[in-house]
Amino acid sequence: MSERIDSEKNRVARHGVLELVEHWTIALSGLALLVSGLFQLPIAVRYKINTLPGLAWSGDFFSSLTVHYWASVVFVGVSLFHLAYHGVAGDRGLLPRKGDLKTSIAVIKTFFGKGEEPPFEKYLPEQRLTYLGMAGIIAVLILSGLVKTYKNLYAPDLWFPL
């Protein structure tokens, strides 16, 4: 989405509703994954978290595992939607460009009074570099989650000693 200027409110709308819903769905499902993943450990019972109103499920391994799996379905689904939607739409604004690291260093120098800040587009070079890092982290989380899920599913061992 291109920027939209709302003169009446003196604001610039950088993102549409779809991008905002996508962002917050990934963020909240990621938070749910973190919390439910921690509840897979015995900390909920040990620290009496399961006695708090609405958190009785946190002390039960299978309940927290169910929450974890549902949050992962949302997380993976919206991540794949992000790739497909923005890939088809041709949104390339957040992809890192040549010179982003050099420009980022120049920006940091301006914080200390060295040089002038270069002109920017919709996304700062730091945001584009961070996007690449976040994409890598999300990919590793999804792949490691798939490996752990496969391990937890019933799969008969067909290995026979000779």
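Contact, in these exercises, means heavy atoms within 4.5 Å. The structure is a predicted model, and each exercise below is followed by a solution in steps.

**Exercise 1. Helices α4 and α5**

Task: Find which residues of α4 meet which residues of α5, and decide how the two helices are oriented.

Solution. Begin with the residues that touch: on the side of α4 they are Asp100, Leu101, Thr103, Ser104 and Val107, and on the side of α5 they are Pro125, Glu126, Arg128 and Leu129. Sorted by class, this contact holds four nonpolar, two polar and three charged residues.

Next, turn to the geometry, for which the general rule is that two packed helices are described by the angle between their axes and the distance between the axes. Helix α4 covers residues 100-110 and helix α5 covers residues 125-152, and they pack at an angle of about 130 degrees with their axes 8 Å apart. The angle makes α4 oblique to α5, because angles over 145 degrees count as roughly antiparallel and those from 65 to 115 as roughly perpendicular, while the rest that are not under 35 degrees count as oblique. Finally, the crossing in which α4 passes α5 is left-handed.

**Exercise 2. Helices α1 and α3**

Task: Work out whether α1 and α3 are roughly parallel or roughly antiparallel, and describe the classes of residue in their contact.

Solution. The first step is to read the geometry, in which the axes of α1 and α3 come within 8 Å and cross at roughly 150 degrees. The second step is to apply the cut-off: angles over 145 degrees count as roughly antiparallel, and α1 is therefore roughly antiparallel to α3. As a third step, note the handedness, since α1 passes α3 in a left-handed crossing. The residues of this contact divide into twelve nonpolar, eleven polar and two charged.

**Exercise 3. Helices α3 and α5**

Task: Describe how α3 and α5 cross, and list the residues through which they touch.

Solution. The axes of α3 and α5 come within 11 Å and cross at roughly 135 degrees, and the two helices are therefore oblique to each other. The crossing of α3 past α5 is left-handed. Helix α3 contributes Tyr69, Phe75, Val76, Ser79 and His82 to the contact, and helix α5 contributes Tyr131, Ile138, Ile142, Thr149 and Asn152. By class, these residues are six nonpolar, four polar and no charged.

**Exercise 4. The largest nonpolar core**

Task: Name the residues of the largest nonpolar core, and state which helix supplies the largest share.

Solution. The core has seven residues in all, namely Ile26, Leu33, Ala71, Phe75, Val78, Ile138 and Ile142. To see where they come from, compare them with the helix limits: α1 (17-39), α3 (61-89) and α5 each supply at least two residues. The largest share, three residues, comes from α3. One member, Ala71, touches Ser29, Ala32 and Leu33, when residues up to four places away in sequence are not counted.

**Exercise 5. Three residues of α3**

Task: Decide whether Leu65, Val67 and His82 are buried or partly exposed, and say what surrounds them.

Solution. The cut-off needed here is that buried means under 20% relative accessible area and exposed means over 50%, with partly exposed in between.

- Leu65, found in helix α3, counts as buried because its relative accessibility is 15%. Leu65 and Leu33 are 32 residues apart in sequence, and their C-alpha atoms are 9.7 Å apart in space.
- Val67, also placed in helix α3, is partly exposed because its relative accessible area is 30%. Apart from neighbours within four places in sequence, Val67 is in contact with Ser36 and Trp57.
- His82, again in helix α3, counts as buried at 17% relative accessibility. With neighbours within four places in sequence left aside, His82 is in contact with Glu22, Gly87 and Tyr131.

**Exercise 6. An uncommon backbone angle**

Task: State where Lys48 is placed, and say what is notable about its phi.

Solution. Lys48 is located in the loop between α2 (43-46) and α3, and Lys48 counts as exposed because its relative accessibility is 53%. Its phi is positive, about 60 degrees, although Lys48 is not a glycine. The background to this step is that most residues other than glycine have a negative phi.

How values were computed:
Residues are numbered from 1 along each chain as its sequence is written. This is a predicted model: local features need pLDDT of at least 70, side-chain atom pairs count only at pLDDT 80 or more; totals for chains, interfaces and linings use all residues. Side-chain values use heavy atoms; hydrogens and water are left out. Axes are lines fitted to C-alpha atoms, for helices over the stretch in contact, and angles run from 0 to 180 degrees between N-to-C directions. Helices (H or I, at least four residues) and strands (E, at least two) are DSSP runs, numbered from the N terminus. A crossing is left-handed if the near helix is turned anticlockwise from the far one by less than a right angle, and right-handed if clockwise. Ala, Val, Leu, Ile, Met, Phe, Trp, Tyr, Cys and Pro count as nonpolar, Asp, Glu, Lys and Arg as charged, and the others, Gly among them, as polar. A nonpolar core is a set of buried Ala, Val, Leu, Ile, Met, Phe, Trp, Tyr and Cys residues joined through side-chain atoms within 4.5 Å. Buried means under 20% relative accessible area, exposed over 50%, partly exposed in between (1.4 Å probe, protein chains only).
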